[in-house]
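Fancy a few warm-up exercises on a protein model? Have a look at the structure first, then try each task before reading its solution.

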Amino acid sequence: MERIMAITDLINIPSNINRGLNSARQITMLSLLGNPRGNYDQVCRPVTNARLRALMVTRSVGPFRVTGLLPAVESLTAVMTDIENEEAEVFAALGTAGMQCARFVRRSTTAISNHSWGTAIDLNLNGQLDDPGNGKTQRGLAQIAPIFNRHKWYWGAGFPREDAMHFELSDQKIRELHADGVFGAGGGNLPDADLSLGDRGRQVALLQEKLNANGADLEVDGEFGRGTLAAVMAFQAANGLTVDGVVGPRTRRALGM
């Protein structure tokens, strides 16, 4: 008799994920929400930014309680309502490995995790974490990913180093919330969607490929670290561009992106 797949069984990452969505840019988060704290390492630490701390709440979102940024928690509550209605088996198995956690991205010394702003969450199923970096995902996470995407949450399975247990408010959703004024009067001006130090994702991997085609020798890992920053600045200097390490419209055009 054929075995029925469990929601914790591993499958390949679906090909149609995160359509029209990007992970939230560092420049977006820092410009609109400010710096959560003054220093980071790999340890979860509290938010010290007074304005940001005032937006943090602890609430039940259905199967568990979380601490996170108010508009993110409200959006997550709506996501969980839809999961309960559409994927009841997965909903019953859902747990969390945390939401607000001010630290660097795992394995990085430059990228501030979006957990730091309380806009990302790590999920588990029946207490089992999905191991990152193996190019696979638990079946149950793949079932609920379209619901997260529908609410403009980016699924971490789309990172070059797959992180399928991770979901975060997309850059598009953060900008939408800013336009709605939910971050309060202290929110900064809306920045351009530039790539800069600390970003990660497919667009960073494409940037690294373009830089390598112009003489750099970068590992194409989708992480905008110090090596990528140095390569961007060298490219800008060689092409008469402002040497600021930020990949804006002029640098994109010069690279053919």
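Below are four exercises on this predicted model, each with a worked solution.

**Exercise 1.** Work out the strand order of the open sheet made by four strands, and find its edge strands.

*Solution.* Start with the order: the strands run S4-S5-S8-S7 across the sheet, and their pairing is antiparallel. Next, look for strands that pair on one side only: these are S4 (94-98) and S7 (153-155), so by the definition of pairing they are the edges. Now check how the strands are turned: on average, neighbours in this sheet sit at 35 degrees to each other, direction ignored. Then zoom in on one edge, where S7 is joined to S8 (residues 166-169) by three bridges. In that antiparallel pair, Trp-155 has Phe-167 of S8 standing opposite. Finally, see what lies across the sheet's strands: helix H3 (residues 70-86) lies across S4, S5 (120-125), S7 and S8. Relative to S7, H3 runs at about 70 degrees.

**Exercise 2.** Decide whether Ser-113 is buried or exposed.

*Solution.* First locate Ser-113: you'll find this residue in the loop between S4 and S5. Then take its relative accessibility, which is 2%. Buried means under 20%, so Ser-113 counts as buried at that value. To see what Ser-113 touches, skip residues up to four places away in sequence; that leaves Arg-103, Phe-104 and Val-105.

**Exercise 3.** Do the same for Arg-139: is this residue buried or exposed, and what does Arg-139 contact?

*Solution.* Arg-139 belongs to helix H5 (residues 139-150). With a relative accessibility of 18%, Arg-139 counts as buried, because the cut-off is under 20%. Now for its contacts: setting aside neighbours within four places in sequence, Arg-139 meets Met-5, Ala-6, Ile-7, Asp-9, Ile-11 and Glu-89. One more distance to try: Leu-76 is 63 residues from Arg-139 in sequence, and their C-alpha atoms are 20 Å apart.

**Exercise 4.** Describe how helices H7 and H8 pack.

*Solution.* Begin with the geometry: H7 (residues 202-213) and H8 (residues 226-238) pack at about 50 degrees, and their axes are 11 Å apart. That angle makes H7 and H8 oblique to each other, and their crossing is left-handed. Next, list who meets whom: from H7 come Leu-207, Gln-208 and Leu-211, and from H8 come Thr-228, Ala-231, Val-232 and Phe-235. Last, sort this contact by class: five residues are nonpolar, two are polar and none are charged.

Key
Residues numbered from 1 in each chain as written. Predicted model: local features only at pLDDT ≥ 70, side-chain atom pairs only at ≥ 80, totals over all residues. Heavy atoms only, no water. Pairing = 2+ DSSP bridges. Helix = DSSP H or I, 4+ residues; strand = E, 2+ residues; numbered from the N terminus. Axes fitted to C-alpha atoms, helices over the stretch in contact; angles between N-to-C directions. Contact = heavy atoms within 4.5 Å. Buried < 20%, exposed > 50% of the residue type's maximum accessible area, 1.4 Å probe, protein only. Parallel < 35°, antiparallel > 145°, perpendicular 65-115°, else oblique. Left-handed = near helix turned anticlockwise from the far one by under 90°. Nonpolar A, V, L, I, M, F, W, Y, C, P; charged D, E, K, R; others polar.
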